[in-house]
Amino acid sequence: MVSMTPRYSVFLSYNRGDFTAAQRIQRWLETYRLPRRLQGGGPAFADDGRRLRPVFRDIDEMRVAPDIDSAVIEAIGASAWLVVLCSPASAKSEWVAREIAMFRAAHGDDHILPLLLEGTPETSFPPALLQRADGRPLVPLAADMPGEGERLALLKLVAVMAGVSMAVLVQRDAQRRLQQIAGAAALAIAVLAVVLALVVQNMNARLAEEKQRVRAGTLSNYMLDDLRAQLKRAGRLDLLTAVNDGVAKSWRGQDLSGLSDADLQQRAKLLLAIAEDDESRGDLVAARVQTEEAMRTTAQLLAKAPTDPARIFAHAQSQYYTGMVSWRGGERTRAATAFAAYRDLASRLIAIDRSKPDWWMEVGYAENNLGTLALRARIDTAAAQGHFLSALKAFAAADALRPDHHDTLMSLADTEAWLADTQRLAGAPEQALAARARQKTILDRLAVLDPQDRQVTTDRVAYELALARISIEAGRPDEALPRLSDGKDKAATLAANDPQNVRRRAQVRMFSLMQLKALLLRPPARRPDAATLAVLNGDCAKDRATLKADELADFCEFLAARRTGTPPPPLVTGGDRLTERWGLDMAAERNWAMKAEESAR
């Protein structure tokens, strides 16, 4: 067990090849302060609850003596946590392995935190990290500096040591940093405006070329790596939009021939990031402009080196974003063309190197996009099933190369869910149930790997609703009702624990509406009384106003028409055949409601 009053918050275990990173991480941890009103309760923190105790970093790791000296042994015993700096060098380090073993003997497994500096868990985790003291395998969850960025990875360590929510810590930290960067952000916008004005005023060829390179290089690096990320985390979308607009306007129609390959790569990344921001706030016209510029940029890069995997990948991302923006804008043919091009580019990556799990993931994502488009846009179950089966093969290949990876398992589970929905709509309930059973096995596997994963918890509740829908559409309402009752209780618990989350409240309402649909499928003599049915139906107008869920409110109104035998409201046309969140076929739901109205006449 860790001492109640340890001398050190952290014992840093590292290889001497990572000496510079260890120095930087020690300095960051020892100077970091938790935001006010977010004091940590763990033993790693000093009496004020905000400051970590000193960090022990063995500066004599280069010693040649065969035994760990007494100072190191004492420090391990007096440390609350062990942070292992993971790199290909530390994976081979005898000293790192010994320090892990000694800390585990003194404190157990629960206070050992891996921090991935470079490489992957397969190449950088010391073998001692992957096995418990009793020999059982261990799959540690690492803070990932290459994947998450240095600050976010270190905040993840602090959140674990403090015993606070990662999301809350990041939000509070961003709010604090916003006060520090607000002035810098305003200055950046002012500087950007000045730069653009200077470019307009100084149109001689040499100055124009140089400023073009400065905008594409230095400015885009700053925006991608610092300013945009900080403004986004802090919720300052107004400043973020202003910065995005300034850069996008300066680049529109830009002559790309004078830019280096590195500048072109940065330009494409920033354009796609801006497109994602535009799409998230509903400005699809602006998002399309950015994706077209990004496509033009990555196409030029790829033309210079058609077999370069990095350039193939970059152009694939342009095709993906083009597809998503086109789909949201109602351009389904353009979306399908872009998604098919995305898949073809991802397949070229596989042809170059079949051993990279990330390339298999790209193929899976592309096939999933094509399947989802086929199902939602036109309910083409045959085409959708083919794409989803191809996606499952690609994700399974990635899983074989990189077992128990969170993103791969989530993608497998999600694709099984899409396949099940496809088979349900195709009138194959037994196949749909089998796909849902495979999804449940994967979700259970994820829950064992990380019991605190909120997305897995949410998906397991959604799984209950999905099984009930299979029974309902197969004409077995009595089979659906117990599962709906149990799932509704679980959804209500999640909503109560997160009262500001509108999506969780909407999920509870959908359980109620599906209960009503199942009851309405029973013969009239076996239904509850009218008052009970009305309670389940609820207030459709309130759903539309407070839950911001038009598809749920429309479904509610069709059920009300079916329940009362009154004419259903008109169907809103022009969108996908299936709704975005719940995958409801509104035309079929309205027709079902109309049959009750015709019977009542």
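Asp 498 touches two arginines, Arg 454 and Arg 504, once its neighbours within four places in sequence are set aside. The model behind this is a predicted one, so contacts like these come from computed coordinates. As for its place in the chain, Asp 498 sits in the loop that runs between helix α20 (477-497) and helix α21 (502-521). Being in a loop doesn't leave Asp 498 out in the open here: its relative accessibility is 18%, and because the cut-off for buried is under 20%, Asp 498 counts as buried.

Next come the cysteines. The count of disulfides comes to one. The partners are Cys 540 and Cys 556, whose sulfur atoms lie 2.0 Å apart; because a pair has to be within 2.5 Å to qualify, this one makes it. The twist about the S-S bond is -75°, which gives the link between Cys 540 and Cys 556 a left-handed sense. In terms of the chain, the bond ties together distant parts: Cys 540 belongs to helix α23 (residues 540-546) and Cys 556 to helix α24 (residues 550-564), with the two cysteines 16 residues apart. Both ends of the link are tucked away from the surface: Cys 540 is buried at a relative accessible area of 11%, and Cys 556 is buried at 0%. Another cysteine, Cys 86, is also buried, again with a relative accessible area of 0%.

Then there is the sheet. Five strands make up an open sheet, lined up in the order β2-β1-β3-β4-β5 and paired in parallel. The edges are taken by β2 (55-57) and β5 (143-144); each has a single partner strand, so one side of each has no neighbour in the sheet. At the β2 end, the partner is β1 (residues 8-13), and these two strands pair in the parallel sense over three bridges. Within that pairing, Leu 12 stands opposite Arg 57 of β2.

Helices pack against this sheet too. Helix α1 (residues 19-31) touches β1, β2, β3 (79-86) and β4 (112-116), and its direction makes about 165° with that of β2. Since angles are taken between N-to-C directions on a scale from 0 to 180 degrees, that value means helix α1 and strand β2 point in nearly opposite directions. Helix α7 (residues 150-162) lies across β1, β3, β4 and β5, and runs at about 175° to β4. Strands β1, β3 and β4 are thus listed for both helices, while β2 is listed for α1 and β5 for α7.

Note on methods: Residues numbered from 1 in each chain as written. Predicted model: local features only at pLDDT ≥ 70, side-chain atom pairs only at ≥ 80, totals over all residues. Heavy atoms only, no water. Helix = DSSP H or I, 4+ residues; strand = E, 2+ residues; numbered from the N terminus. Buried < 20%, exposed > 50% of the residue type's maximum accessible area, 1.4 Å probe, protein only. Contact = heavy atoms within 4.5 Å. Pairing = 2+ DSSP bridges.
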